[in-house]
Amino acid sequence: MPWNDNANPGPWGSPPSGEGSGGDKQPPKTQGPQGGGPRRPGGGGGPGGPDISATLERLMAQLRSMFGAGGPGGDRIRPGAIAAVAGAGFALWALSGVYIVQPNEAAVVTTFGAYSRSETPGLRYHLPMPIERVEKVAVTSLNRIDIGGSAGADVPEESLMLTGDENIVNLDFSVTWRVADAAKYVFTVRDQEDAVKAVAESAMREVVGKTTLQDILTTGRGRVQNQSAELMQKTLDGWGAGVSIVEVQIRSANPPQEVVAAFREVANAGQDAESAVNEANSYRNRVINEAKGDAAKLTQSAQGYREQSVREAIGEASRFSQILTEYKRAPGVTRDRLYIETMQRVLSRSNKVVIDGKGASAPIILPPDVFRAKTPTARVVPQAEGGETVIPSPGAPR
């Protein structure tokens, strides 16, 4: 059985049979082709199907019965309906104060335009407008401002700066910053990005005005960046802007386009001069080290020769003392021993051959090596001027 049958009323109750409470007359139901049920919109509904038009009509009838009552003077609004509408409107107005603060945000709440409080991330509530208003500020996001131009498009009004040695440099740099205090950021400065840009340009010009062009182009960039960031932060803190400078980065620093060729020539000349100085210093260090090494070598050789001579002298003196002692004990034996040792030392380096001819009956054949000149043992002593002196060993033929 269909749900909108008169025997089984729908969710809005049985339809009124005659006039409603407001005096309206209900139109008769439209029967389907078979007379078994209402006709669907467009005439395509079959028996037992829902009738949308009839449902809407019943809903409108109930609304009319809620907001008005029949009478000779026409419809009038009921007090209960006014209270219901007012309550619903108040509830919606009260719920409009619910808001969510994202993890990267901080909320600034104002009461009739005056600062009231700051809220942290989470689900929060404020009195609905126009009593309180909320402004959300991204406090963890990093913001970047390019000064001097970007993507190859220079802005001469921002990039051209005067250095400490009265030169002009074309300098482009970027400033990275974030919000440190949301309340100060909202209420102290009106155009925050323009304020940060103005402070950054002013601080950079001041620091560049105290630095030479050579330092800016070569090794002084880090110092310029740090000093500029410190000056920017000091100025913004003095204003109470609630902004924190994260980093200042110099993207490019070059001389003006009109003098680039001349500046390159000067830079090349400076590099050549520095290269020549480095080569001269390298040669000087090499010569000095070699001279120090030769001097140390000569000093050590002289010290070694001195030590050798002293020790040989001490040994000869000790040997002479021992021979003298033995000579006092046995003069004859000692004298013969000295004579024999001396003759042995002299004849061992001589080409003379002594033959005892007594009882010789056959010719004596001597080996050829007997008459070959013998090389005396000698030691080499270095001299101060680099030459060498050969001193023969004791007992060698002179």
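Which residue forms a salt bridge with Lys 197? Let's work through this and two related exercises on this predicted model.

**Exercise 1.** Find the partner of Lys 197 and place both residues in the fold.

*Solution.* Start with the contact: Lys 197 pairs with Glu 158, and their closest N and O atoms are 3.1 Å apart. Next, locate the two residues: Lys 197 sits in helix α5 (residues 192-208) and Glu 158 in helix α3 (residues 156-159), so this bridge ties together parts that are 39 residues apart in sequence. Finally, check the surroundings. Lys 197 has a relative accessible area of 29% and is partly exposed. Glu 158, at 15%, is buried, because the cut-off for buried is under 20%.

**Exercise 2.** Work out which residues are joined into one network with Asp 146.

*Solution.* Begin with Arg 144, which forms a salt bridge with Asp 146 at 2.9 Å between the closest N and O atoms. Then turn to Arg 251: its side chain also meets that of Asp 146 in a salt bridge, at 3.6 Å from N to O. This second pair links distant parts of the chain, with Asp 146 in strand β6 (residues 143-147) and Arg 251 in strand β11 (residues 243-254), 105 residues apart. Put together, the shared partners join Arg 144, Asp 146 and Arg 251 into one network.

**Exercise 3.** Decide whether Arg 144 is buried or exposed, and do likewise for Asp 146 and Arg 251.

*Solution.* Arg 144 has a relative accessible area of 54%, so it passes the exposed cut-off of over 50%. Asp 146 is partly exposed at 30%, and Arg 251 is partly exposed at 30%.

Note on methods: Residues numbered from 1 in each chain as written. Predicted model: local features only at pLDDT ≥ 70, side-chain atom pairs only at ≥ 80, totals over all residues. Heavy atoms only, no water. Salt bridge = Lys/Arg side-chain N within 4 Å of Asp/Glu carboxyl O. Buried < 20%, exposed > 50% of the residue type's maximum accessible area, 1.4 Å probe, protein only. Helix = DSSP H or I, 4+ residues; strand = E, 2+ residues; numbered from the N terminus.
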